[in-house]
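Subject: Handover of a structure with its ligand

Dear colleague,

Please find the structure below, together with its sequence. I would be grateful if you would read the notes that follow it.

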Amino acid sequence: MKQRLLFLGPPGAGKGTQASLLCKSQDLRHLSTGDLLRSEVSAGSELGKEAEAVMNRGELVSDSLVLAIVKTQLKALKNQGWLLDGFPRNVAQAKAIDPLLQELSQPIEAVVLLELDDSVLIERMLLRGRADDNKSVILNRLEVYREQTAPLIRHYENLNLLVSVKAQGSVETVASRVKEVLN
Ligand code: AMP
């Protein structure tokens, strides 16, 4: 199975859940920028303080801050495969991480797009109850996804890396679809 992956898709599509499962079963490092940022926020670090208000509005944290986090994580990995979940969030981040991946001789092998209707996304996020999961912030995050993140679909399609998975149904059903497209 492929060893260096990106998970792409709207907020609420189940990227985090599916990424955790796959990483456990394939022994990949799960690099979720959302999780990494949330731990900075709860630790009360300078970085966390800078990110918190932006996250609570459902907007994107600055590229430079996120890139610094991702680069540190990737450099620390030796021969283990990885799954980037929630990164890149825009084309600038995708382009900025490429030189490092080239330098490390670790190109992305596949980009998994999780697809789900907006109505289901909103329902799922409201059930999750995270600090940034109230209705108006959710709508803002969907808007940010459409404007800034969705152009990555075309970007990775052009690079022949994109595989799409329907994200409705049970966790197990989606997990087996994900494995199928990566084999
Ligand atoms: P997530 O857990 O992926 O939904 O991310 C939660 C929040 O963290 C997002 O709404 C952003 O504010 C921030 N965030 C996560 N990943 C990134 C990224 N790659 N670039 C910018 N902001 C991010």
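The notes below cover the ligand and then one loop residue.

This is a predicted model, in which local features need pLDDT of at least 70 and side-chain atom pairs count only at pLDDT 80 or more, while totals for chains, interfaces and linings use all residues. Residues are numbered from 1 along each chain as its sequence is written, and side-chain values use heavy atoms, with hydrogens and water left out.

Of the 16 residues around the ligand (those with a heavy atom within 4 Å of it), Thr33, Arg38, Glu59, Gly86 and Gln93 come nearest. Helix H2 (residues 33-43) supplies the largest share of this shell, four residues; helices are DSSP runs of H or I with at least four residues, and strands are runs of E with at least two, numbered from the N terminus.

A nitrogen atom of the ligand is 2.7 Å from an N or O atom in the side chain of threonine 33. An oxygen atom of the ligand is 3.0 Å from an N or O atom in the side chain of arginine 38. For valine 61, a backbone N or O atom lies 3.1 Å from a ligand nitrogen atom.

Glutamine 106 lies in the loop between helix H5 (91-103) and strand E4 (110-115). This residue counts as buried because its relative accessibility is 11%, the limit being under 20% relative accessible area with a 1.4 Å probe and protein chains only. The side chain of glutamine 106 makes a polar contact with the side chain of tryptophan 82 (2.8 Å). A polar contact is a pair of N or O atoms within 3.5 Å; within protein, one must be able to donate a hydrogen and the other to accept it, and residues adjacent in sequence count only if both atoms are side-chain atoms.

Yours sincerely

How values were computed. Buried means under 20% relative accessible area, exposed over 50%, partly exposed in between (1.4 Å probe, protein chains only).
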